[in-house]
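Reader: I am in my first year of study and should like to look closely at one part of this structure. Could you please take me through a single strand and what surrounds it, and then place that part within the whole chain?

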Amino acid sequence: MTTPTWWQRNRLALLSLLLIGPLALLSASFRLINVYLPWTYHVAHTDASGTVRLAQTYRYWSELSTAIEVTARVESATRVTQIGKVRAAPGSVLWQVKLTLSADPKVMLNVCTMWLADDAGRQYGTQAGKVGDMFDPTWLPDCVPKGAEGPRYDLVQEQVVQSDAPRPPTWTAVALVAVPEGVTPTHVILAYQEPDYIDLRIN
């Protein structure tokens, strides 16, 4: 009878290592990403006066980064029945939020995120709960004035380029959000990049 070689005796263990090794590396990498990359909004900026200033460094996928600074306050938050063709899906109601923003016209602020929250911490974004228009123009908030957006990030040149139409120093940003019937939003959130965000109380 032939004695099994070392390779024959341990072939199952070697196959297991081939399968487990990559999984272990992925698991370690995932933990590293979670620890060192701020992928969630968890640094709130608030002010009891109702006017909040945010200053942070906006970073791109490349090595480029730029400083942004903006001041925000709630202009209005009202229930509406319809904006253009957009209306609330069954079981939802629409809220139109307007924020007064102020910033140096040379600061790039053309991409933002806005959502509503209630006192229970539940959040409602601009991309759900609405019907009536296949190409929903309110799917994203209007962060800057149309036709006067100010500086933008050029993906080809990988740099911030100034606009031919300067943004005014103060303007109104608008978002349309659907929330479930019976819910009253109490906070407006404005954010540009994780982890910082502005938390504004609706009075």
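Author: The account below begins with one strand, follows its pairings outward, and then turns to the rest of the chain.

The model is a predicted one. Across the protein chain the pLDDT averages 87, and 80% of the residues score at least 70. Residues 29–36 have a pLDDT below 50, and beyond near neighbours in sequence this stretch makes one contact in the model. The chain has 203 residues, of which 35% count as buried. Its secondary structure consists of two helices and 14 strands.

The part chosen for a close look is strand S6, which covers residues 92–102. How many of its 11 residues are buried? Nine of them are, and S6 is therefore largely enclosed by the rest of the structure. Here a residue is called buried when its relative accessible area is under 20%.

Strand S6 has paired strands to consider. With S3, strand S6 pairs in the antiparallel sense over nine bridges. Two facing positions help to locate this pairing: Thr 78 stands opposite Gln 96 in S6, and Val 80 stands opposite Leu 94 in S6. With strand S12, residues 170–180, S6 is again paired in the antiparallel sense, here over 11 bridges. In that pairing Thr 100 has Thr 172 of S12 as its bridge partner.

From S3 one may step to a further strand. Strand S3 spans residues 65–80 and is joined to S2 by nine bridges, the two running antiparallel. Thr 51 stands opposite Arg 73 in S3, and Val 52 stands opposite Ala 72 in S3. These two residues of S2 also illustrate a pattern along that strand, which covers residues 51–59. Which side chains of S2 point to the buried face? Those of Val 52, Leu 54, Gln 56 and Tyr 58 do, and they are buried. The side chains of Thr 51, Arg 53, Ala 55, Thr 57 and Arg 59 point to the other face and are not buried.

Strand S12 leads in another direction, by way of Thr 172. Leaving aside neighbours within four places in sequence, Asp 142 is in contact with Thr 172, Ala 173 and Val 174. Asp 142 itself belongs to the loop between S9 and strand S10 (152–154). With a relative accessible area of 28%, Asp 142 is partly exposed. Val 111 is 31 residues from Asp 142 in sequence, and their C-alpha atoms are 8.8 Å apart in space.

Asp 142 and Val 111 also help to line the second largest pocket, together with residues including Asn 110, Cys 112, Pro 137 and Leu 140. This pocket holds about 190 Å³ of space. Its lining comprises seven nonpolar residues, one polar residue and three charged residues.

An open sheet elsewhere in the list of strands deserves a place in the picture. Five strands form this sheet in the order S1-S14-S13-S7-S8, with mixed pairing. Strand S1 (43–45) and strand S8 (123–124) are at the edges with a single partner strand each, so one side of each has no neighbour in the sheet. Strand S1 runs parallel to strand S14, residues 196–201, and three bridges join them. Within this pairing, His 45 has Ile 198 as its bridge partner in S14.

Two loops adjoin strands of this sheet. Pro 195 lies in the loop between strand S13 (187–191) and S14. Is the peptide bond from Glu 194 to Pro 195 cis or trans? The bond is cis, with omega near 5°. In general, most peptide bonds are trans. Ala 128 is found in the loop between S8 and strand S9 (130–131). Its relative accessible area is 48%, so Ala 128 is partly exposed. Ala 128 lies 40 residues from Ala 88 in sequence, with 9.3 Å between their C-alpha atoms.

A last value concerns the contacts of the whole chain. Among contacts in the protein chain with a separation of 6 or more, 67% are between residues 24 or more positions apart.

Conventions. Residues numbered from 1 in each chain as written. Heavy atoms only, no water. 1 Å grid on protein atoms, 1.4 Å probe; cavity = no way out; pocket = protein on both sides within 12 Å on 5 of 7 lines; lining within 4 Å. Points joined across faces, edges and corners; volume = space filled by probe spheres on them. Nonpolar A, V, L, I, M, F, W, Y, C, P; charged D, E, K, R; others polar. Pairing = 2+ DSSP bridges. Helix = DSSP H or I, 4+ residues; strand = E, 2+ residues; numbered from the N terminus. pLDDT = per-residue confidence, 0-100. Contact = heavy atoms within 4.5 Å. Buried < 20%, exposed > 50% of the residue type's maximum accessible area, 1.4 Å probe, protein only.
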